[in-house]
Amino acid sequence: MNWHAIRAIYRFEMARTFRTITQSIASPVLSTSLYFVVFGAAIGSRMGAIDGVSYGAFIIPGLIMLSLLNESISNASFGIYMPKWAGTIYELLSAPVSAIEIVFGYVGAAATKSLMLGALILITARLFVPYEVVHPFWMLGFLLLTAVTFSLFGFIIGLWADDWQKLQVIPLMIITPMTFLGGAFYSINMLPPLWQKITLFNPVVYLISGFRWSFYGVADVNIVVSVSAIVGFLLACLFAVWWIFRTGWKLKV
Amino acid sequence: MDPIISIKGLSKSYASGFEALKSVDLDIRRGEIFALLGPNGAGKTTLINIVCGIVNASAGTVHADGHDIVRDYRAARAKIGLVPQELSTDAFESVLATLKFSRGLFGKAPDPAHLERVLRALSLWDKRNNKIMTLSGGMKRRVLIAKALSHEPQILFLDEPTAGVDVELRRDMWQMVRELRTSGVTIILTTHYIEEAEEMADRIGVINKGELILVEDKNVLMRKLGKKQLTLQLQTPLAAIPPSLGGLPLELADDGNALVYTFDTQSEQTGIAALLRQLSEQGIDFKDLHSSESSLEEIFVSLVHGGSKGARA
(Lines give C-alpha, C1' and ligand atoms only; values in the text may rest on other atoms or scores of the structure.)
Protein backbone atom coordinates (compact mmCIF):
# COMPACT_ATOMS: atom_id res chain seq x y z
CA MET A 1 0.00 0.00 0.00
CA ASN A 2 1.37 3.42 -1.03
CA TRP A 3 0.53 5.28 2.20
CA HIS A 4 2.54 8.32 1.13
CA ALA A 5 0.33 8.67 -1.93
CA ILE A 6 -2.88 8.36 0.09
CA ARG A 7 -1.62 10.99 2.48
CA ALA A 8 -0.51 13.27 -0.38
CA ILE A 9 -3.91 13.11 -2.10
CA TYR A 10 -5.80 13.50 1.19
CA ARG A 11 -3.75 16.51 2.27
CA PHE A 12 -3.95 18.08 -1.17
CA GLU A 13 -7.74 17.80 -1.14
CA MET A 14 -8.10 19.00 2.43
CA ALA A 15 -5.89 21.99 1.63
CA ARG A 16 -8.29 22.78 -1.22
CA THR A 17 -11.18 22.59 1.24
CA PHE A 18 -9.61 25.08 3.62
CA ARG A 19 -8.54 27.31 0.75
CA THR A 20 -12.19 27.55 -0.32
CA ILE A 21 -13.73 27.37 3.14
CA THR A 22 -16.42 29.97 2.41
CA GLN A 23 -17.74 27.96 -0.49
CA SER A 24 -17.19 24.47 0.90
CA ILE A 25 -18.17 24.85 4.57
CA ALA A 26 -19.61 28.26 5.40
CA SER A 27 -22.07 28.41 2.51
CA PRO A 28 -23.86 25.07 3.15
CA VAL A 29 -23.95 25.77 6.90
CA LEU A 30 -25.53 29.17 6.25
CA SER A 31 -28.13 27.85 3.80
CA THR A 32 -29.09 25.01 6.17
CA SER A 33 -29.36 27.52 9.02
CA LEU A 34 -31.84 29.47 6.94
CA TYR A 35 -33.99 26.33 6.63
CA PHE A 36 -33.93 26.04 10.44
CA VAL A 37 -34.93 29.66 10.86
CA VAL A 38 -37.76 29.52 8.30
CA PHE A 39 -39.12 25.99 8.69
CA GLY A 40 -37.97 25.25 12.21
CA ALA A 41 -38.39 28.41 14.25
CA ALA A 42 -40.85 30.49 12.18
CA ILE A 43 -43.26 28.09 10.38
CA GLY A 44 -42.43 25.13 12.61
CA SER A 45 -43.83 26.80 15.71
CA ARG A 46 -47.27 26.80 14.06
CA MET A 47 -47.07 23.15 12.92
CA GLY A 48 -48.06 20.15 14.97
CA ALA A 49 -45.64 17.50 16.19
CA ILE A 50 -44.96 14.50 13.92
CA ASP A 51 -44.62 11.10 15.61
CA GLY A 52 -44.32 12.99 18.88
CA VAL A 53 -41.40 15.12 17.64
CA SER A 54 -41.72 18.90 17.23
CA TYR A 55 -41.58 19.94 13.58
CA GLY A 56 -38.40 22.01 14.07
CA ALA A 57 -36.60 18.99 15.50
CA PHE A 58 -38.23 16.59 13.00
CA ILE A 59 -36.61 18.25 9.98
CA ILE A 60 -33.06 18.28 11.42
CA PRO A 61 -32.03 14.80 10.21
CA GLY A 62 -33.50 15.46 6.74
CA LEU A 63 -31.74 18.81 6.42
CA ILE A 64 -28.41 17.33 7.50
CA MET A 65 -28.89 14.57 4.92
CA LEU A 66 -29.74 17.15 2.25
CA SER A 67 -26.43 18.94 2.84
CA LEU A 68 -24.47 15.76 3.37
CA LEU A 69 -25.61 14.16 0.11
CA ASN A 70 -25.08 17.24 -2.01
CA GLU A 71 -21.75 18.18 -0.48
CA SER A 72 -20.37 14.64 -0.52
CA ILE A 73 -21.19 14.35 -4.20
CA SER A 74 -19.93 17.75 -5.21
CA ASN A 75 -16.73 17.55 -3.12
CA ALA A 76 -15.68 14.20 -4.47
CA SER A 77 -16.81 14.80 -8.05
CA PHE A 78 -15.02 18.15 -8.20
CA GLY A 79 -11.90 16.66 -6.60
CA ILE A 80 -11.36 14.13 -9.37
CA TYR A 81 -12.90 16.15 -12.22
CA MET A 82 -10.57 19.11 -11.65
CA PRO A 83 -7.35 17.23 -12.51
CA LYS A 84 -9.10 15.74 -15.55
CA TRP A 85 -10.14 19.19 -16.69
CA ALA A 86 -6.80 20.85 -15.92
CA GLY A 87 -4.82 17.98 -17.45
CA THR A 88 -2.95 17.22 -14.23
CA ILE A 89 -4.54 13.75 -14.16
CA TYR A 90 -1.43 12.61 -16.09
CA GLU A 91 0.46 12.59 -12.82
CA LEU A 92 -2.08 10.42 -11.05
CA LEU A 93 -2.17 7.97 -13.94
CA SER A 94 1.62 7.75 -14.18
CA ALA A 95 2.17 7.38 -10.43
CA PRO A 96 2.73 4.05 -8.67
CA VAL A 97 -0.72 4.13 -7.07
CA SER A 98 -3.55 1.63 -7.22
CA ALA A 99 -7.23 2.43 -7.65
CA ILE A 100 -7.89 1.75 -4.00
CA GLU A 101 -5.23 4.24 -2.90
CA ILE A 102 -6.65 6.92 -5.20
CA VAL A 103 -10.14 6.25 -3.82
CA PHE A 104 -8.89 6.34 -0.22
CA GLY A 105 -7.28 9.71 -0.86
CA TYR A 106 -10.04 11.47 -2.74
CA VAL A 107 -13.09 9.84 -1.15
CA GLY A 108 -11.51 9.98 2.30
CA ALA A 109 -10.99 13.74 1.98
CA ALA A 110 -14.47 14.34 0.56
CA ALA A 111 -16.08 12.25 3.31
CA THR A 112 -14.04 14.06 5.98
CA LYS A 113 -15.27 17.37 4.67
CA SER A 114 -18.87 16.13 4.68
CA LEU A 115 -18.55 14.87 8.25
CA MET A 116 -17.16 18.23 9.33
CA LEU A 117 -20.08 19.87 7.62
CA GLY A 118 -22.60 17.48 9.21
CA ALA A 119 -21.15 18.16 12.66
CA LEU A 120 -21.26 21.92 12.09
CA ILE A 121 -24.88 21.80 10.97
CA LEU A 122 -25.76 19.67 13.97
CA ILE A 123 -24.16 22.24 16.29
CA THR A 124 -25.77 25.15 14.44
CA ALA A 125 -29.21 23.49 14.63
CA ARG A 126 -28.90 23.49 18.41
CA LEU A 127 -28.93 27.29 18.30
CA PHE A 128 -32.40 27.29 16.75
CA VAL A 129 -34.13 24.08 17.79
CA PRO A 130 -33.79 21.79 20.82
CA TYR A 131 -33.32 18.13 19.82
CA GLU A 132 -32.10 14.86 21.24
CA VAL A 133 -30.13 11.94 19.88
CA VAL A 134 -31.50 8.64 21.14
CA HIS A 135 -28.92 6.44 19.40
CA PRO A 136 -25.73 8.52 19.10
CA PHE A 137 -23.63 5.56 17.96
CA TRP A 138 -26.03 4.84 15.11
CA MET A 139 -26.28 8.54 14.30
CA LEU A 140 -22.50 8.72 13.83
CA GLY A 141 -22.59 5.43 11.90
CA PHE A 142 -25.23 6.82 9.51
CA LEU A 143 -23.29 10.04 9.07
CA LEU A 144 -20.09 8.15 8.29
CA LEU A 145 -21.74 5.60 6.01
CA THR A 146 -23.65 8.26 4.09
CA ALA A 147 -20.61 10.55 3.75
CA VAL A 148 -18.44 7.70 2.45
CA THR A 149 -21.07 6.21 0.15
CA PHE A 150 -22.10 9.47 -1.47
CA SER A 151 -18.51 10.69 -1.72
CA LEU A 152 -17.83 7.47 -3.61
CA PHE A 153 -20.87 8.15 -5.79
CA GLY A 154 -19.58 11.69 -6.39
CA PHE A 155 -16.17 10.30 -7.30
CA ILE A 156 -17.84 8.14 -9.97
CA ILE A 157 -19.72 11.18 -11.29
CA GLY A 158 -16.41 13.08 -11.45
CA LEU A 159 -14.84 10.26 -13.43
CA TRP A 160 -17.84 10.04 -15.73
CA ALA A 161 -18.30 13.77 -16.35
CA ASP A 162 -16.52 15.28 -19.32
CA ASP A 163 -17.91 18.78 -18.91
CA TRP A 164 -19.00 21.07 -16.08
CA GLN A 165 -22.68 20.62 -16.84
CA LYS A 166 -22.54 16.87 -16.32
CA LEU A 167 -20.78 17.48 -13.04
CA GLN A 168 -23.71 19.55 -11.79
CA VAL A 169 -26.64 17.74 -13.33
CA ILE A 170 -26.90 14.75 -10.97
CA PRO A 171 -26.68 16.67 -7.67
CA LEU A 172 -29.03 19.40 -8.89
CA MET A 173 -31.51 17.48 -11.00
CA ILE A 174 -31.64 14.13 -9.22
CA ILE A 175 -30.25 14.21 -5.67
CA THR A 176 -31.89 17.45 -4.51
CA PRO A 177 -35.42 16.49 -5.72
CA MET A 178 -34.99 12.99 -4.29
CA THR A 179 -34.04 14.46 -0.92
CA PHE A 180 -36.94 16.92 -0.88
CA LEU A 181 -39.31 14.10 -1.87
CA GLY A 182 -37.58 11.61 0.43
CA GLY A 183 -39.15 12.80 3.63
CA ALA A 184 -36.76 15.56 4.64
CA PHE A 185 -39.69 17.81 5.58
CA TYR A 186 -42.45 15.26 6.23
CA SER A 187 -43.15 11.72 7.32
CA ILE A 188 -44.11 9.50 4.41
CA ASN A 189 -47.07 8.39 6.54
CA MET A 190 -48.52 11.84 5.82
CA LEU A 191 -48.74 11.00 2.06
CA PRO A 192 -51.77 9.42 0.34
CA PRO A 193 -51.53 5.59 0.27
CA LEU A 194 -50.47 5.39 -3.40
CA TRP A 195 -47.65 7.94 -2.93
CA GLN A 196 -46.53 6.12 0.19
CA LYS A 197 -45.84 3.10 -2.04
CA ILE A 198 -44.28 5.10 -4.89
CA THR A 199 -41.97 6.97 -2.55
CA LEU A 200 -40.43 3.70 -1.40
CA PHE A 201 -38.63 3.58 -4.77
CA ASN A 202 -36.72 6.67 -3.68
CA PRO A 203 -33.53 5.42 -1.99
CA VAL A 204 -33.10 8.66 -0.05
CA VAL A 205 -36.26 7.76 1.95
CA TYR A 206 -34.28 4.95 3.61
CA LEU A 207 -31.38 7.24 4.46
CA ILE A 208 -33.49 9.96 6.02
CA SER A 209 -35.73 7.51 7.81
CA GLY A 210 -32.78 5.62 9.27
CA PHE A 211 -30.99 8.79 10.27
CA ARG A 212 -34.14 10.19 11.89
CA TRP A 213 -34.55 6.92 13.80
CA SER A 214 -31.07 7.42 15.29
CA PHE A 215 -32.25 10.82 16.60
CA TYR A 216 -35.77 10.12 17.84
CA GLY A 217 -36.28 6.37 17.69
CA VAL A 218 -39.10 6.72 15.13
CA ALA A 219 -38.79 5.67 11.49
CA ASP A 220 -40.89 5.47 8.33
CA VAL A 221 -39.24 2.23 7.29
CA ASN A 222 -37.56 -0.55 9.21
CA ILE A 223 -34.05 0.39 10.37
CA VAL A 224 -32.62 -2.89 9.04
CA VAL A 225 -33.97 -2.05 5.59
CA SER A 226 -32.43 1.43 5.86
CA VAL A 227 -28.98 0.13 6.76
CA SER A 228 -29.19 -2.59 4.11
CA ALA A 229 -30.14 -0.05 1.44
CA ILE A 230 -27.19 2.22 2.14
CA VAL A 231 -24.72 -0.67 2.45
CA GLY A 232 -26.06 -2.05 -0.84
CA PHE A 233 -25.50 1.30 -2.53
CA LEU A 234 -22.01 1.49 -1.05
CA LEU A 235 -21.16 -1.93 -2.50
CA ALA A 236 -22.57 -0.93 -5.90
CA CYS A 237 -20.39 2.20 -5.90
CA LEU A 238 -17.32 0.20 -4.88
CA PHE A 239 -17.93 -2.22 -7.73
CA ALA A 240 -18.34 0.65 -10.22
CA VAL A 241 -15.06 2.28 -9.13
CA TRP A 242 -13.24 -1.04 -9.28
CA TRP A 243 -14.54 -1.57 -12.83
CA ILE A 244 -13.61 1.97 -13.95
CA PHE A 245 -10.01 1.61 -12.83
CA ARG A 246 -9.73 -1.92 -14.15
CA THR A 247 -10.86 -0.90 -17.63
CA GLY A 248 -9.56 2.67 -17.62
CA TRP A 249 -13.03 3.85 -18.70
CA LYS A 250 -13.03 7.64 -19.18
CA LEU A 251 -9.48 7.71 -17.81
CA LYS A 252 -7.25 6.06 -20.36
CA VAL A 253 -7.50 5.61 -24.13
CA MET B 1 24.67 -3.52 -19.91
CA ASP B 2 20.92 -4.16 -19.63
CA PRO B 3 18.81 -1.48 -21.24
CA ILE B 4 17.00 0.68 -18.69
CA ILE B 5 13.93 0.65 -20.92
CA SER B 6 13.13 -2.22 -23.19
CA ILE B 7 10.22 -1.88 -25.62
CA LYS B 8 9.17 -4.86 -27.70
CA GLY B 9 6.50 -5.05 -30.38
CA LEU B 10 4.66 -2.05 -29.00
CA SER B 11 1.51 -1.17 -30.93
CA LYS B 12 -1.37 1.17 -30.33
CA SER B 13 -4.58 1.23 -32.33
CA TYR B 14 -7.52 3.46 -31.51
CA ALA B 15 -11.19 2.57 -31.87
CA SER B 16 -11.29 4.66 -35.04
CA GLY B 17 -8.79 2.23 -36.57
CA PHE B 18 -5.94 4.73 -36.48
CA GLU B 19 -2.62 3.04 -35.75
CA ALA B 20 -0.55 5.39 -33.63
CA LEU B 21 2.26 2.89 -33.10
CA LYS B 22 3.19 -0.07 -35.26
CA SER B 23 5.19 -2.76 -33.49
CA VAL B 24 7.93 -0.54 -32.12
CA ASP B 25 11.08 -2.15 -30.71
CA LEU B 26 13.44 0.11 -28.80
CA ASP B 27 16.06 -0.22 -26.08
CA ILE B 28 17.15 2.83 -24.11
CA ARG B 29 20.61 2.57 -22.62
CA ARG B 30 21.26 3.34 -19.00
CA GLY B 31 22.50 6.88 -18.48
CA GLU B 32 22.08 8.15 -22.03
CA ILE B 33 20.20 11.08 -23.48
CA PHE B 34 17.95 9.70 -26.16
CA ALA B 35 16.13 12.04 -28.50
CA LEU B 36 13.00 10.88 -30.26
CA LEU B 37 12.37 12.92 -33.36
CA GLY B 38 9.32 12.91 -35.54
CA PRO B 39 6.77 15.17 -37.14
CA ASN B 40 3.45 15.97 -35.47
CA GLY B 41 1.30 12.88 -35.01
CA ALA B 42 4.23 10.53 -35.55
CA GLY B 43 3.57 8.67 -32.29
CA LYS B 44 6.18 10.22 -29.99
CA THR B 45 3.80 11.22 -27.22
CA THR B 46 1.81 7.99 -27.54
CA LEU B 47 5.01 6.03 -27.01
CA ILE B 48 5.91 8.05 -23.92
CA ASN B 49 2.38 7.87 -22.54
CA ILE B 50 2.30 4.10 -22.83
CA VAL B 51 5.62 3.73 -21.03
CA CYS B 52 4.40 6.05 -18.26
CA GLY B 53 1.04 4.28 -17.85
CA ILE B 54 -1.22 7.02 -19.21
CA VAL B 55 -2.25 5.16 -22.35
CA ASN B 56 -2.96 1.43 -22.65
CA ALA B 57 -0.97 -0.42 -25.30
CA SER B 58 -2.82 -2.57 -27.83
CA ALA B 59 0.08 -5.04 -28.03
CA GLY B 60 3.67 -5.44 -26.96
CA THR B 61 5.63 -5.15 -23.73
CA VAL B 62 7.63 -2.49 -21.96
CA HIS B 63 10.10 -3.04 -19.15
CA ALA B 64 11.47 -0.17 -17.08
CA ASP B 65 14.61 -1.11 -15.19
CA GLY B 66 13.56 -4.74 -15.53
CA HIS B 67 9.99 -4.22 -14.32
CA ASP B 68 7.02 -4.90 -16.59
CA ILE B 69 5.03 -1.66 -16.74
CA VAL B 70 1.69 -3.49 -16.46
CA ARG B 71 2.31 -6.45 -14.14
CA ASP B 72 4.84 -4.68 -11.93
CA TYR B 73 3.59 -1.14 -12.44
CA ARG B 74 4.47 0.13 -8.99
CA ALA B 75 8.17 -0.65 -9.27
CA ALA B 76 8.29 0.48 -12.91
CA ARG B 77 6.51 3.81 -12.39
CA ALA B 78 8.48 4.66 -9.27
CA LYS B 79 11.57 4.84 -11.48
CA ILE B 80 10.02 7.19 -14.03
CA GLY B 81 9.50 10.92 -14.04
CA LEU B 82 7.45 12.58 -16.75
CA VAL B 83 7.40 16.17 -17.92
CA PRO B 84 4.38 16.42 -20.20
CA GLN B 85 4.12 18.52 -23.30
CA GLU B 86 1.13 20.54 -22.08
CA LEU B 87 1.60 23.04 -19.27
CA SER B 88 -0.85 21.22 -17.02
CA THR B 89 -0.48 22.53 -13.49
CA ASP B 90 -2.49 22.95 -10.31
CA ALA B 91 -3.00 26.66 -10.89
CA PHE B 92 -4.16 27.50 -7.36
CA GLU B 93 -1.44 25.55 -5.55
CA SER B 94 1.90 26.92 -4.44
CA VAL B 95 5.04 25.63 -6.11
CA LEU B 96 6.27 23.88 -2.97
CA ALA B 97 2.88 22.29 -2.22
CA THR B 98 2.64 20.81 -5.69
CA LEU B 99 6.13 19.32 -5.34
CA LYS B 100 5.25 17.79 -1.98
CA PHE B 101 2.15 16.29 -3.60
CA SER B 102 4.17 14.79 -6.45
CA ARG B 103 6.77 13.29 -4.14
CA GLY B 104 4.12 11.71 -1.93
CA LEU B 105 2.17 10.42 -4.92
CA PHE B 106 5.24 8.51 -6.05
CA GLY B 107 5.53 6.85 -2.66
CA LYS B 108 8.45 8.82 -1.29
CA ALA B 109 8.69 10.04 2.32
CA PRO B 110 8.83 13.83 2.72
CA ASP B 111 12.32 15.23 2.15
CA PRO B 112 12.37 19.03 2.36
CA ALA B 113 16.13 19.12 1.68
CA HIS B 114 15.71 17.32 -1.64
CA LEU B 115 12.85 19.56 -2.70
CA GLU B 116 14.93 22.59 -1.84
CA ARG B 117 17.82 21.27 -3.98
CA VAL B 118 15.46 20.70 -6.91
CA LEU B 119 13.87 24.13 -6.59
CA ARG B 120 17.22 25.87 -6.29
CA ALA B 121 18.62 23.99 -9.29
CA LEU B 122 15.67 25.21 -11.34
CA SER B 123 15.82 28.77 -9.99
CA LEU B 124 12.41 28.29 -8.38
CA TRP B 125 13.35 28.55 -4.72
CA ASP B 126 12.35 32.19 -4.51
CA LYS B 127 9.00 31.33 -6.04
CA ARG B 128 8.27 28.37 -3.77
CA ASN B 129 5.35 30.03 -2.02
CA ASN B 130 3.90 31.60 -5.16
CA LYS B 131 0.74 30.22 -6.67
CA ILE B 132 1.54 28.49 -9.93
CA MET B 133 -1.02 30.59 -11.78
CA THR B 134 1.11 33.68 -11.15
CA LEU B 135 4.18 32.24 -12.89
CA SER B 136 5.28 32.78 -16.48
CA GLY B 137 5.09 29.98 -19.06
CA GLY B 138 8.80 29.28 -18.74
CA MET B 139 8.52 29.08 -14.95
CA LYS B 140 5.56 26.73 -15.22
CA ARG B 141 7.65 24.49 -17.46
CA ARG B 142 10.31 24.48 -14.74
CA VAL B 143 7.68 23.59 -12.14
CA LEU B 144 6.70 20.58 -14.22
CA ILE B 145 10.33 19.51 -14.39
CA ALA B 146 10.68 20.06 -10.63
CA LYS B 147 7.58 17.92 -10.01
CA ALA B 148 9.04 15.12 -12.13
CA LEU B 149 12.36 15.34 -10.25
CA SER B 150 10.74 15.60 -6.83
CA HIS B 151 10.58 11.83 -6.48
CA GLU B 152 14.14 11.17 -7.65
CA PRO B 153 13.43 9.22 -10.83
CA GLN B 154 16.10 7.20 -12.61
CA ILE B 155 14.41 7.73 -15.94
CA LEU B 156 13.13 11.11 -17.05
CA PHE B 157 10.82 11.65 -19.99
CA LEU B 158 10.77 15.15 -21.37
CA ASP B 159 8.00 15.57 -23.91
CA GLU B 160 8.84 18.68 -25.96
CA PRO B 161 10.59 20.28 -22.95
CA THR B 162 11.44 23.54 -24.64
CA ALA B 163 8.27 24.10 -26.66
CA GLY B 164 7.36 27.76 -26.36
CA VAL B 165 10.39 28.53 -24.25
CA ASP B 166 12.69 31.45 -25.03
CA VAL B 167 16.25 30.89 -26.22
CA GLU B 168 17.89 31.71 -22.91
CA LEU B 169 15.69 29.37 -20.92
CA ARG B 170 16.19 26.70 -23.56
CA ARG B 171 19.96 26.92 -23.08
CA ASP B 172 19.45 26.72 -19.29
CA MET B 173 17.34 23.63 -19.71
CA TRP B 174 19.87 21.94 -21.93
CA GLN B 175 22.46 22.58 -19.26
CA MET B 176 20.15 21.20 -16.59
CA VAL B 177 19.50 18.06 -18.66
CA ARG B 178 23.23 17.50 -19.07
CA GLU B 179 23.71 17.84 -15.31
CA LEU B 180 20.93 15.35 -14.69
CA ARG B 181 22.61 12.89 -17.01
CA THR B 182 25.85 13.40 -15.12
CA SER B 183 24.01 12.51 -11.92
CA GLY B 184 23.01 9.19 -13.49
CA VAL B 185 19.50 9.92 -14.78
CA THR B 186 18.57 8.45 -18.15
CA ILE B 187 16.79 11.02 -20.28
CA ILE B 188 14.41 10.47 -23.14
CA LEU B 189 13.23 13.61 -24.86
CA THR B 190 11.00 14.31 -27.78
CA THR B 191 11.47 17.47 -29.68
CA HIS B 192 10.57 19.38 -32.76
CA TYR B 193 13.80 21.32 -32.49
CA ILE B 194 16.43 19.35 -34.33
CA GLU B 195 19.13 21.60 -32.90
CA GLU B 196 18.03 20.40 -29.48
CA ALA B 197 18.68 16.78 -30.39
CA GLU B 198 21.87 17.74 -32.19
CA GLU B 199 23.05 19.68 -29.16
CA MET B 200 22.22 17.18 -26.46
CA ALA B 201 21.44 13.64 -27.55
CA ASP B 202 23.76 10.67 -27.43
CA ARG B 203 21.45 8.66 -29.65
CA ILE B 204 18.60 9.59 -31.89
CA GLY B 205 15.48 7.71 -32.87
CA VAL B 206 13.34 8.88 -35.75
CA ILE B 207 9.68 7.96 -35.67
CA ASN B 208 7.22 8.56 -38.47
CA LYS B 209 3.63 7.38 -38.90
CA GLY B 210 3.96 5.11 -35.85
CA GLU B 211 7.09 3.36 -37.10
CA LEU B 212 10.56 3.71 -35.73
CA ILE B 213 12.53 4.37 -38.89
CA LEU B 214 15.95 4.57 -37.38
CA VAL B 215 17.86 4.47 -34.11
CA GLU B 216 21.45 5.56 -34.27
CA ASP B 217 24.24 7.12 -32.33
CA LYS B 218 24.03 10.82 -33.13
CA ASN B 219 27.62 11.17 -34.28
CA VAL B 220 27.40 8.01 -36.38
CA LEU B 221 24.17 9.28 -37.89
CA MET B 222 25.72 12.60 -38.72
CA ARG B 223 28.72 10.88 -40.27
CA LYS B 224 26.73 8.26 -42.08
CA LEU B 225 24.12 10.49 -43.57
CA GLY B 226 25.75 13.87 -43.29
CA LYS B 227 27.57 15.35 -46.26
CA LYS B 228 30.04 18.12 -46.44
CA GLN B 229 30.37 20.45 -49.36
CA LEU B 230 33.05 22.81 -50.54
CA THR B 231 31.82 25.75 -52.58
CA LEU B 232 34.30 27.66 -54.71
CA GLN B 233 33.31 31.08 -56.04
CA LEU B 234 34.97 31.24 -59.45
CA GLN B 235 36.78 34.22 -60.93
CA THR B 236 35.35 33.43 -64.36
CA PRO B 237 32.11 31.57 -64.86
CA LEU B 238 32.24 28.13 -66.43
CA ALA B 239 29.81 26.89 -69.06
CA ALA B 240 30.45 23.28 -68.13
CA ILE B 241 32.69 21.20 -65.92
CA PRO B 242 35.92 20.51 -67.83
CA PRO B 243 36.14 16.84 -68.97
CA SER B 244 39.37 16.33 -67.03
CA LEU B 245 37.40 16.92 -63.81
CA GLY B 246 34.49 14.76 -64.94
CA GLY B 247 35.21 11.92 -62.55
CA LEU B 248 34.86 14.10 -59.44
CA PRO B 249 31.62 14.80 -57.53
CA LEU B 250 31.36 18.33 -58.81
CA GLU B 251 28.41 20.46 -59.78
CA LEU B 252 28.11 23.89 -61.20
CA ALA B 253 25.93 26.35 -59.35
CA ASP B 254 25.01 30.01 -59.44
CA ASP B 255 24.95 30.15 -63.28
CA GLY B 256 28.42 28.73 -63.54
CA ASN B 257 29.89 31.14 -61.01
CA ALA B 258 30.30 28.50 -58.31
CA LEU B 259 31.70 25.01 -58.26
CA VAL B 260 30.34 22.72 -55.56
CA TYR B 261 32.38 19.73 -54.44
CA THR B 262 30.62 17.15 -52.28
CA PHE B 263 32.70 14.84 -50.10
CA ASP B 264 32.23 12.16 -47.51
CA THR B 265 32.98 13.24 -43.98
CA GLN B 266 33.79 9.65 -43.02
CA SER B 267 36.62 9.03 -45.49
CA GLU B 268 40.16 9.82 -44.45
CA GLN B 269 40.96 11.48 -47.77
CA THR B 270 38.50 14.20 -48.63
CA GLY B 271 40.18 14.83 -52.00
CA ILE B 272 40.18 18.60 -51.49
CA ALA B 273 43.93 18.98 -51.93
CA ALA B 274 43.85 16.99 -55.17
CA LEU B 275 40.88 19.02 -56.41
CA LEU B 276 42.63 22.31 -55.76
CA ARG B 277 45.76 21.06 -57.57
CA GLN B 278 43.73 19.99 -60.59
CA LEU B 279 41.88 23.32 -60.69
CA SER B 280 45.23 25.10 -60.65
CA GLU B 281 46.52 22.93 -63.48
CA GLN B 282 43.40 23.70 -65.49
CA GLY B 283 43.83 27.42 -64.86
CA ILE B 284 40.49 27.70 -63.02
CA ASP B 285 40.87 30.44 -60.44
CA PHE B 286 38.55 31.09 -57.55
CA LYS B 287 38.10 34.17 -55.42
CA ASP B 288 36.48 32.62 -52.34
CA LEU B 289 35.67 29.25 -50.82
CA HIS B 290 33.64 27.91 -47.93
CA SER B 291 32.56 24.53 -46.64
CA SER B 292 29.23 23.49 -45.11
CA GLU B 293 27.79 20.38 -43.51
CA SER B 294 24.31 18.84 -43.60
CA SER B 295 22.49 19.49 -40.38
CA LEU B 296 20.50 16.93 -38.48
CA GLU B 297 17.42 18.76 -39.61
CA GLU B 298 18.17 18.01 -43.25
CA ILE B 299 18.97 14.42 -42.42
CA PHE B 300 15.70 14.18 -40.52
CA VAL B 301 13.63 15.72 -43.30
CA SER B 302 15.28 13.42 -45.78
CA LEU B 303 14.51 10.35 -43.62
CA VAL B 304 10.92 11.27 -42.94
CA HIS B 305 10.23 11.93 -46.57
CA GLY B 306 11.62 8.57 -47.56
CA GLY B 307 14.98 9.68 -48.91
CA SER B 308 17.98 7.55 -48.10
CA LYS B 309 20.60 10.23 -48.35
CA GLY B 310 21.02 13.40 -46.40
CA ALA B 311 20.04 16.56 -48.16
CA ARG B 312 22.71 18.92 -49.21
CA ALA B 313 23.72 21.94 -47.29
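Here are three short exercises with worked solutions on a predicted model.

**Exercise 1. The surroundings of Ser72(A)**

Find out where Ser72(A) sits, whether it is buried or exposed, and which residues it touches.

Solution.
- Step 1: Start with the secondary structure. Ser72(A) belongs to helix H3 of chain A, which covers residues 55–86.
- Step 2: Check the accessibility. The relative accessibility of Ser72(A) is 0%, and buried means under 20%, so Ser72(A) counts as buried.
- Step 3: Look for a polar partner. A polar atom of the Ser72(A) side chain lies 2.6 Å from the backbone oxygen of Leu68(A), and the cut-off for a polar contact is 3.5 Å.
- Step 4: Collect the neighbours, leaving aside residues up to four places away in sequence. Ser72(A) then touches Ser67(A), Ala110(A), Ser114(A), Ala147(A), Phe150(A) and Ser151(A).

**Exercise 2. Two cavities and their linings**

Work out how many cavities of 30 Å³ or more there are, and describe the linings of the largest and the second largest.

Solution.
- Step 1: Recall the idea. Rolling a probe the size of a water molecule over the atoms reveals where empty space remains.
- Step 2: Count. There are three cavities of 30 Å³ or more.
- Step 3: Take the largest cavity, with about 70 Å³ of space. Its lining includes Ile5(B), Leu26(B), Phe34(B), Phe157(B) and Ile188(B).
- Step 4: Sort that lining by class. It has eleven nonpolar residues, with no polar and no charged ones.
- Step 5: Trace the elements. Strands E1 (5–13), E2 (19–28) and E3 (33–37) and helix H1 (44–52) of chain B each supply at least two lining residues of the largest cavity. H1(B) has the largest share, three residues.
- Step 6: Move to the second largest cavity, with about 50 Å³ of space. Residues of both chains line this cavity, among them Tyr90(A), Glu91(A), Lys147(B) and His151(B).
- Step 7: Trace the elements again. Helix H4 (89–94) of chain A, strand E6 (80–83) of chain B and helix H5 (137–149) of chain B each give two or more residues to this lining. H4(A) gives the most, three residues.
- Step 8: Sort by class once more. The second lining holds four nonpolar, four polar and two charged residues.

**Exercise 3. A sheet in chain B**

Give the strand order of the open sheet in chain B and explain why E2 and E5 stand at its edges.

Solution.
- Step 1: Write the order. The four strands run E2-E1-E4-E5, with antiparallel pairing.
- Step 2: Count partners at the ends. E2 and E5 (67–68) of chain B each have a single partner strand, so one side of each lacks a neighbour in the sheet.
- Step 3: Zoom in on one pair. E1(B) and E2(B) run antiparallel and are joined by six bridges; Ser6(B) has Asp27(B) in E2(B) as its bridge partner.

Note on methods:
Residues are numbered from 1 along each chain as its sequence is written. Chains are lettered from A and ligands numbered from 1 in the order in which they are written. This is a predicted model: local features need pLDDT of at least 70, side-chain atom pairs count only at pLDDT 80 or more; totals for chains, interfaces and linings use all residues. Side-chain values use heavy atoms; hydrogens and water are left out. Buried means under 20% relative accessible area, exposed over 50%, partly exposed in between (1.4 Å probe, protein chains only). A polar contact is a pair of N or O atoms within 3.5 Å; within protein, one must be able to donate a hydrogen and the other to accept it, and residues adjacent in sequence count only if both atoms are side-chain atoms. Contact means heavy atoms within 4.5 Å. On a 1 Å grid over the protein atoms alone, a cavity is a set of points where a 1.4 Å probe fits but cannot get out, and a pocket is an open set with protein on both sides within 12 Å along at least five of seven lines; lining residues have an atom within 4 Å of a point. Grid points are joined across faces, edges and corners, and a volume is the space filled by probe spheres set on the points. Ala, Val, Leu, Ile, Met, Phe, Trp, Tyr, Cys and Pro count as nonpolar, Asp, Glu, Lys and Arg as charged, and the others, Gly among them, as polar. Two strands pair if DSSP finds at least two bridges between them.
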